[in-house]
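Open the model in your viewer and keep a selection box ready. The tour moves from strand to strand, then to the core, the ligand and a few single residues.

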Amino acid sequence: MALLAGKRGVLFGALDEHSIAWQVAEAAHAEGARFVLTNAPAAVRMGAIEALAAKTGCRVVPADATDVGDLENLFDEACNHLGGKLDFILHSVGMSVNVRKGKHYTELNYDWLQKGWDISAVSFHKLMRVAWDKAAVNDWGSIVALTYTAAQRTFPDYNDMADHKAYLESIARSFGYHWGLRNKVRVNTVSQSPTRTTAGKGVKGFDGFIDFAEAMSPLGNASARDCAHYVLTLFSDWTRKVTMQNLFHDGGFSSTGVSKAVMDRFMRGERQTD
Ligand SMILES: NC(=O)c1ccc[n+]([C@@H]2O[C@H](COP(=O)([O-])OP(=O)(O)OC[C@H]3O[C@@H](n4cnc5c(N)ncnc54)[C@H](O)[C@@H]3O)[C@@H](O)[C@H]2O)c1
């Protein structure tokens, strides 16, 4: 469809082929976009991203998303390399040290909390601030970050990531207001189904989590590829007046109280324990 023909962007967060950002990169390339890929220096050293860069004919610029100096260099390099200002940016970055180290929510380590908050939420403000200061985004550009419905409803094992996501979604609304006024740039978050990626699998009980969501969602869970296609619509010119929204991309999960599939399983379990 050449949905993104002539558009330039920066994509954060492609770690391996399972990453949502990886799928976005492949789909954006197929739709005619040109972009720069970025990830934390340690993730870039792992090497997989270079294969994606070769496949999509783009350049990799390492940047720690919490480091303003790295971000300044990234946006300078991206605009120089792509030959102009940007039309889209994807923030597909998340990490909780408390989740990684198995710390229970009632016993959070606050240094780890702060680190996870900086990586998962504040980095979204930082990258927008750097792009704002450099006036690096074209009129009618689009900025998207990925989030999860634990920002609205409790999923105990999602731990402090739930709080980071709530903060991230708030940044989209707050900064989105200013971007809209200044040069019609839109800012949204996409709230995605649980997806088998490195970040997803780090959550305790992830297999149960993903099966439950599948049974609850009338359309079934959205895959990383499905998510990529949805994100592309937000980068395209067909969604120009959508901004400051948290958009659920979850097969209907977030609007379902209970499904027949879950109820049937629950009742079967009840009878066994009678
Ligand atoms: N997988 C899921 O179930 C799911 C569901 C909803 C939302 N999300 C969100 O989607 C986004 C992408 O995650 P994913 O599932 O593709 O997993 P992923 O592990 O493939 O991607 C996470 C990325 O964050 C990067 N990152 C971590 N620290 C960084 C830093 N300091 N600077 C720059 N990059 C850094 C990692 O290198 C990695 O590429 C995250 O925001 C995640 O919370 C995931």
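How many bridges join β6 to strand β7 (residues 246-249)? Select both strands: four bridges join β6 to β7, and the two run parallel. Glutamine 192 has histidine 249 as its bridge partner in β7. Helices (H or I, at least four residues) and strands (E, at least two) are DSSP runs, numbered from the N terminus.

Before going on, note that this is a predicted model, in which local features need pLDDT of at least 70 and side-chain atom pairs count only at pLDDT 80 or more, while totals for chains, interfaces and linings use all residues. Residues are numbered from 1 along each chain as its sequence is written.

**The sheet**

Now select every strand of the sheet. The sheet is open and has seven strands in the order β3-β2-β1-β4-β5-β6-β7, with parallel pairing; two strands pair if DSSP finds at least two bridges between them. The edge strands are β3 (59-60) and β7, each of which pairs on one side only.

Stay on strand β6 (residues 186-192). Seven of its seven residues are buried, so β6 is largely enclosed by the rest of the structure. A residue is buried if 20 or more other C-beta atoms lie within 10 Å of its own, exposed if 12 or fewer, and partly exposed in between, with C-beta atoms placed from the backbone. Arg186, Asn188, Val190 and Gln192 point one way from β6, while Val187, Thr189 and Ser191 point the other way.

Add β5 (137-147) to the selection. Six bridges join β5 to β6, and these strands run parallel. Look for valine 144, whose bridge partner in β6 is asparagine 188. With α7 added, β5, α7 and β6 make a right-handed β-α-β unit. Right-handed means that, with the strands pointing away from the viewer, the path from the first strand over the helix to the second runs clockwise.

Next, select strand β4 (residues 86-91), which is joined to β5 by five bridges and runs parallel to it. Histidine 91 stands opposite alanine 145 in β5.

Move to strand β1 (residues 8-12). Five of its five residues are buried, so β1 too is largely enclosed by the rest of the structure. Arg8, Val10 and Phe12 point one way from β1, and Gly9 and Leu11 the other way. Three bridges join β1 to β4, and five join β1 to strand β2 (residues 34-38). Valine 10 is a useful residue to label: its bridge partner in β4 is isoleucine 89, and in β2 it is valine 36.

**Helix α1 and the core**

Which helix completes a right-handed β-α-β unit with β1 and β2? Select α1. Eight of the 11 residues of α1 are buried, among them Trp22, Gln23 and Val24. Glycine 32, which follows α1, has a positive phi, near 95 degrees.

Val24 leads into the largest nonpolar core, which has 60 residues; Leu11, Val24, Ala25 and Val231 have the most contacts inside it. A nonpolar core is a set of buried Ala, Val, Leu, Ile, Met, Phe, Trp, Tyr and Cys residues joined through C-beta atoms within 7 Å. A second, separate core of seven residues includes Val99, Tyr148, Ala151 and Tyr158.

**The ligand**

Select the ligand and the 27 residues around it, of which Ser19, Gly94, Thr197, Ala199 and Gly200 come nearest. A residue counts as near if its C-beta atom, placed from the backbone, lies within 6 Å. The elements that give two or more residues to this shell are α1 (20-30), β5 and α8 (198-201). The most come from α8, with three residues.

**Single residues to finish**

Select tryptophan 140, which lies in strand β5. Its phi is near 65 degrees, a positive value in a residue other than glycine. Tryptophan 140 is partly exposed, because 13 other C-beta atoms lie within 10 Å.

Then take lysine 184, in the loop between α7 and β6. Lysine 184 also has a positive phi, near 60 degrees, and is partly exposed, with 15 other C-beta atoms within 10 Å.

The last stop is tyrosine 177, in helix α7 (residues 161-183). From there to proline 62 the distance is 29 Å, C-alpha to C-alpha, across 115 residues in sequence.
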